Amino acid sequence: MSRAVFGARVERREDLPLLTGCGTYTDDLKLPGMLHAAVLRSPHARARIRSIDVSAARSLSSVAAVFINSDLGASDKEIPLLQPNPLLLPRMQRLLAKDEIRYAGEAVALVVADDRYAAEDALDLIEVAYDPLPAVSDLLSGLEEGSPLVHSDIPGNLASRFTLGFGDIEAAFSGAELVLKQRFKTHRGGGHSMECRAVLAEYDRRANRITMWSATQAPHLIARLASEILGVEEWQIRVIAPPDVGGGFGPKAMFYAEEGLVPFAARALGRPVKWTEDRREHFLAATQERDQHHEAEIALTRDGKVLGFRDLVTFDTGAYVPWGIVEPWITAATIPGPYKLPTFQVDMRVVYTNKVPVTPVRGAGRPQAVFAMERMMDLAARELNLDPAEIRRRNLIQPHEMPYKMGIVYRDGAAVTYDSGDYPACLQKAQELAGYNTFREKQIRAHKEGRFIGIGIGLYVEGTGLGPYEGAIIKIDSSGKVLLTTGATPQGQGHATTLAQIAADELSLDVNEIAVLTGDTGAIPFGVGTFASRIAVNAGNSVLLAAREVREKAIAIASNLLEAANDDLEMANGSVFVRGAPTKAVSLGALAVTAAGARPGYTLPPGVEPGLQATHYFSPSQAAYASGAHVVTVEVNARTGDVKVLDYAVAHDCGRVINPMIVEGQIQGGVAHGIGNCFYEELIYDNDGQLLNASFMDYLLPTTNEVPTAKIAHIEVVCPLNPLGVKGVGEGGTIPAAAAFAAAVEDALRPFGVTVTEVPLSPEKIRKLLRGVGR
């Protein structure tokens with residue numbers, strides 16, 4: 001009998017090709033006659049385009065074409081808005097800028113040449129006459145009267161304003177025994193995946209079809225929007241995300257100008273065209289996130305019970321709104337976290353600025369929400385002289401209260417209803433892992449030695465597994481091998497392992513008998529994409545249900561062949577056999593041949609369709625709410641401002657764990673991302689909207705020296721919303737990290753009375769905090 005592999009630490013099947021140099025990325029692909037593209041980008045954050053002269057560039061023998069806006073014809077369109085909302089005044093980017101520039105890095109022209117070097121040289125020959133205009137580089141100043149307008153027809157640069165809340169907030173604050181106020185600021189950063197964006201397109205003139213390869217998180221999305229831009233039917237475009245995509249983290253889950261320009265050029269020239277983003281372009285043109293300001297207030301009783309929470313949030317959306325107001329809505333809906341709030345209100349302002357457009361980056365608005373709430377809980381604990389863990393414990397939603405209706409709506413329009421979770425257990429376990437109860441003794445000893453160590457807590461609840469759907473096709477061929485096809489595209493999450501585990505369990509096979517094909521719109525007609533911690537719920541359950549249908553079909557056919565009742569049959573090790581008589585069996589390969597109609601004289605049972613295969617699309621009824629607690633200890637050098645991470649503990653609930661090793665890898669990677677957010681990563685713009693640190697010399701990422709190995713505990717609370725009982729996990733390592741670190745640094749510097757209200761916390765900022773309190 002095949003052993004169960006769901007829940008087992010199956011080694012990642014994806015790793016061997018990567019470790020042996022056999023990975024296949026978009027830039028590795030080469031086609032006969034392939035040309036290379038480069039993009040001319042605006043040096044100005046805001047300017048009018050007076051004229052563009054491309055004659056010198058076009059005169060080069062190595063240049064196949066130069067395209068500007070006026071060359072695009074019917075494809076000169078705004079990129080379609082991904083998530084319309086009546087509360088939004090949307091403005092979208094064109095493939096190539098027309099008349100006006102709205103951020104430094106916006107695409108102005110495309111050069112296609114024999115190689116990338118020639119294309120880059122030709123860019124230098126293009127002459128663009130700009131009239132620079134005043135730019136909006138700060139979201140708060142952009143709201144001030146008299147500020148320049150990013151879009152002349154959007155008054156006050158206000159893209160959207162909305163309110164989420166419940167309860168009588170005014171009564172809660174007027175009757176509170178304690179009211180605390182604080183302002184918080186979070187940085188602007190990026191995804192910075194190892195592989196930058198890349199697109200290759202080939203046009204088949206005879207078939208009138210385009211094939212695209214893209215380092216994307218959402219190939220079906222790319223196919224749909226490319227068809228709109230190019231004015232063709234969806235069936236005429238096939239998009240393939242190669243087997244290896246070197247990270248995504250959110251910025252690759254959208255349609256960029258290059259994903260319209262490259263196939264446009266390939267069709268116009270009748271030759272394959274490839275464009276690969278370089279690192280500087282990634283800084284200047286790949287979407288970014290995190291820039292928010294919060295003016296938070298909390299109302300409490302003297303025993304630490306929260307009566308109400310309200311927050312005025314200002315959100316920098318950059319020059320355009322590719323994902324609409326998805327992120328600010330997620331921020332607003334995430335702020336309550338695991339706490340039982342009698343009243344709540346968030347007033348959200350979404351502001352256009354002359355900076356790179358904003359779309360989700362790992363966490364998608366949640367780290368900022370958690371930062372505001374958790375920092376206020378710490379502030380309240382300090383004011384009331386309560387332990388930070390204790391004030392949280394007094395306000396946690398309890399397991400018996402699930403499902404818990406929060407009283408607000410989520411970004412998908414559904415009511416926020418926490419389906420399951422044990423928040424006290426997560427907090428307790430994280431404290432145990434971190435040695436929380438004995439830490440104060442260590443802290444006292446450290447102070448006597450002149451060392452400053454601190455401990456911090458971050459709790460979160462995350463809506464994961466959103467629909468609308470994801471699909472899977474399970475097919476068994478005449479060899480008895482299984483092909484699992486899904487539109488879900490991995491960028492390192494381990495789909496080929498975890499999805500194969502689900503199928504292997506249902507079909508009673510070894511996991512290595514399952515081949516996995518991902519991210520090809522020509523192989524599966526519908527898909528959404530890999531982002532928002534949604535694949536385990538959506539694709540995982542699709543795999544389960546498709547495999548279950550194949551199993552039932554195999555048993556139904558075998559029942560006829562073996563002349564046995566369905567209930568008397570078992571499936572294991574690649575065959576169906578009669579229980580108690582394993583020699584009376586038929587292989588899956590033979591059943592596949594029979595199901596295909598290739599067995600002479602055999603007729604399929606009534607209701608059984610040809611082929612030993614099944615397709616299923618799982619659509620969840622609402623988000624599945626994952627949760628967790630992070631407890632971190634640090635040491636701060638009060639002289640230099642340097643921070644050393646001493647310990648990191650995580651207790652999390654993602655429902656049933658498919659593969660603990662992969663889940664722990666996701667959490668560990670998320671923690672690394674969170675460390676970068678809290679201490680290193682910040683995109684710095686000047687008053688003219690110019691990015692000042694567009695390289696890894698100045699924009700820092702954490703290395704293995706700064707990232708500890710996290711202690712991780714799984715608190716498995718089964719999700720009742722899907723057959724697998726799973727929730728998402730891909731972003732949970734990042735979401736509470738900055739809040740926990742800020743609390744730990746503040747705790748370490750408690751003798752100096754420092755209050756941490758913004759991230760990232762560079763050594764310079766920590767020294768400034770200490771100078772501010774007279775240190």
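## Exercises on a predicted chain

The chain has 18 helices and 31 strands, where helices (H or I, at least four residues) and strands (E, at least two) are DSSP runs, numbered from the N terminus. This is a predicted model, so local features need pLDDT of at least 70, side-chain atom pairs count only at pLDDT 80 or more, and totals for chains, interfaces and linings use all residues. Residues are numbered from 1 along each chain as its sequence is written, and side-chain values use heavy atoms, with hydrogens and water left out.

**Exercise 1.** Work out what radius of gyration a compact globule of 775 residues would have, and set the chain against it.

*Solution.* Start with the rule: 2.2 Å times the number of residues to the power 0.38, with the radius of gyration taken over C-alpha atoms. For 775 residues that lands near 28 Å, and the chain has 28 Å, which agrees. Next, look at the box: along the principal axes, the C-alpha atoms fill roughly 90 × 75 × 50 Å. Finally, check burial: 62% of the 775 residues count as buried (under 20% relative accessible area; exposed is over 50%, partly exposed in between; 1.4 Å probe, protein chains only).

**Exercise 2.** Describe the surroundings of P468: is this residue buried, partly exposed or exposed?

*Solution.* First, place P468: the residue lies in the loop between β20 (452–464) and β21 (470–476). Its relative accessible area is 48%, so P468 is partly exposed. Then list the neighbours: leaving out residues up to four places away in sequence, P468 touches V528, R534, F618, S619 and P620 (contact means heavy atoms within 4.5 Å). As for D138, P468 sits 35 Å from that residue, C-alpha to C-alpha, with their positions 330 residues apart in sequence.

**Exercise 3.** Trace the open sheet of 6 strands and find its edges.

*Solution.* Write down the order: β7-β17-β16-β15-β8-β31, with mixed pairing. The edges are β7 (158–166) and β31 (758–759), since each pairs on one side only. Here two strands pair if DSSP finds at least two bridges between them. Now zoom in on one end: β8 (residues 178–186) and β31 pair in the parallel sense over 2 bridges, and K185 stands opposite E758 in β31.

**Exercise 4.** Take apart the hairpin of β18 and β19: which residue has a positive phi?

*Solution.* Begin with the strands: β18 (residues 404–409) and β19 (residues 415–418) run antiparallel, joined by 3 bridges. K405 stands opposite T417 in β19. Then go to the 5 residues between the strands: the hairpin has G413 with a positive phi near 90°.
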